[in-house]
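The following exercises ask the reader to examine a protein model together with its ligand. Each task is followed by a solution in steps.

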Amino acid sequence: MAKKKGRVFSGARPTGKQHLGNYLGAIKNYVALQDTYEETIYSIVDIHALTTIETTKDLPQNTYEMALDWLAAGIRPEKSIIFIQSHVPEVVELHIFLSMVTPLGKLTDLPTFKDKIRQQPYNVNYGLVGYPVLMAADIALYKAVAVPVGVDQAPHIEFTREIVRSFNYRYNTNVLVEPQMVATEFPKILGIDGKNKMSKSLNNHIELAATPEETQKRVMQMVTDPQRARRSDPGNPDVCNVFTLHKIFSSPEEVTMINTECRRAGIGCVDCKKIFAKNLNEHLAPFRERRSEIAKDPDYIQDVLRDGAERARAIARVTITEVKEAIGLP
Ligand code: TRP
């Protein structure tokens, strides 16, 4: 099949070992897009991480673990550029140029910014306000046409499009490219609490790289249909987070069986979760095997990231030269 023209770019903050939500909401899509687009670029956005974290002590390890998970999940250096954001300093230059066409009010009005103020009222730093400008710079630096992200990032992609238009208009150029958002298939995977989006910070996550035993333990803690208090109560799979995941990881026959039996109390939550844990572990086994293979050679990951940065930088240099010319800098 002919690949689609243009570049895909996406980034993720280095949060360490990845979980099911990261996988279904981002990584799975990254892997698939490698075969549908001509070029794919995936960045570990360490500078973005600095807007929220208070210490960098875990940053190197978190970056390494995330890169390892990406590679084990099937992001391939032969197909994609994988690199660390700060290794391509041109992004910081573009960030400041884009900031000149960014109305401040637009940044402070963004729902994502308002959320952050609520989360960290004691640390509303300048970088945090500029977070979307840096993200726009990430995307525009590589002239990406498509950006796979979850729906929560939609305002940032819309913002990027506006800033690209403003830049091109202000400097009467067309060097920067307006990207399209590629919505991910599973925008919101809930955590084991069955209530909040799965996230490491809420500790409601299921790690991809966990052992089968740890995975089973987490799965058994999952909150199911809250109305189903006793084993003899019929349940409602439509509101059950375990069932949502069964639909992704279990066979159609099992899904049908659980859908029927849960509704008439034919199967209990414990047995239902055991089936899910088994299927999930089976699904993740090849990933876990590849992960431990790759981990035997940490130099390999360093090489991949170094090579990725070089390739990314070659593209970035061209864009920055064009941008400076367009602006008319002496
Ligand atoms: N803001 C994104 C997030 O929190 C991460 C990100 C940074 C990003 N730069 C990007 C995503 C560029 C896509 C493209 O998930």
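## Exercise 1: The second largest pocket

In the second largest pocket, α4 contributes the largest share of the lining, namely four residues. The model under study is predicted.

**Task.** Describe the volume of the second largest pocket and the residues and elements that line it.

**Solution.**

1. The space in the second largest pocket amounts to about 330 Å³.
2. Its lining consists of 18 residues, and those nearest the centre of the pocket are His95, Tyr126, Gly127, Gly130 and Val133.
3. Two or more lining residues are given by each of α4 (90-99), α5 (104-109), α7 (126-129) and α8.
4. By class, the lining of this pocket has twelve nonpolar and six polar residues, and no charged ones.

## Exercise 2: The surroundings of the ligand

**Task.** Identify the residues that come nearest to the ligand, and state which of its atoms pair with polar side-chain atoms of Arg13, Asp138 and Gln153.

**Solution.**

1. There are 13 residues around the ligand, of which Arg13, Tyr131, Met135, Asp138 and Gln153 come nearest.
2. For Arg13, a polar side-chain atom is 3.1 Å from an oxygen atom of the ligand.
3. For Asp138, an N or O atom of the side chain lies 2.8 Å from a nitrogen atom of the ligand.
4. For Gln153, a side-chain N or O atom lies 2.9 Å from a nitrogen atom of the ligand.
5. The ligand taken alone exposes 370 Å², and 92% of that area is buried by the protein.
6. The elements that supply two or more residues to the shell around the ligand are β1 (4-12), α8 (131-141) and β4 (146-149).
7. The greatest contribution to this shell is that of α8, with four residues.
8. Sorted by class, the shell around the ligand comprises seven nonpolar, four polar and two charged residues.

## Exercise 3: The enclosed space

**Task.** How many cavities of 30 Å³ or more does the structure hold, and which residues line the largest cavity?

**Solution.**

1. The structure holds one cavity of 30 Å³ or more.
2. The largest cavity contains about 80 Å³ of space.
3. Its lining is formed by Thr224, Asp225, Arg228, Pro237, Cys240, Phe243, Ile258, Cys262, Cys269 and Cys272.
4. At least two residues of this lining come from each of α12 (252-263) and α13 (269-295).
5. The lining of the largest cavity divides into seven nonpolar residues, one polar residue and two charged residues.

## Exercise 4: Positive phi angles in loops

**Task.** Locate Lys143 and Asn172 in the structure. Is Lys143 buried, partly exposed or exposed, and to which of these classes does Asn172 belong?

**Solution.**

1. Lys143 is not a glycine, yet its phi is positive, at about 50 degrees.
2. Lys143 lies in the loop between α8 and β4.
3. The class "partly exposed" covers the range between the cut-offs of 20% and 50% relative accessible area. Lys143 has a relative accessibility of 23% and therefore counts as partly exposed.
4. Asn172, which is not a glycine either, has a positive phi of about 50 degrees.
5. Asn172 is found in the loop between α9 (154-170) and β5 (180-183).
6. A residue counts as exposed when its relative accessible area is over 50%. The relative accessible area of Asn172 is 73%, so Asn172 is exposed.

Technical notes:
Residues numbered from 1 in each chain as written. Predicted model: local features only at pLDDT ≥ 70, side-chain atom pairs only at ≥ 80, totals over all residues. Heavy atoms only, no water. Near = heavy atom within 4 Å. Polar contact = N/O pair within 3.5 Å; in protein donor to acceptor, adjacent residues only side chain to side chain. Areas by Shrake-Rupley, 256 points an atom, 1.4 Å probe, with all protein chains shown as cover. Nonpolar A, V, L, I, M, F, W, Y, C, P; charged D, E, K, R; others polar. 1 Å grid on protein atoms, 1.4 Å probe; cavity = no way out; pocket = protein on both sides within 12 Å on 5 of 7 lines; lining within 4 Å. Points joined across faces, edges and corners; volume = space filled by probe spheres on them. Buried < 20%, exposed > 50% of the residue type's maximum accessible area, 1.4 Å probe, protein only.
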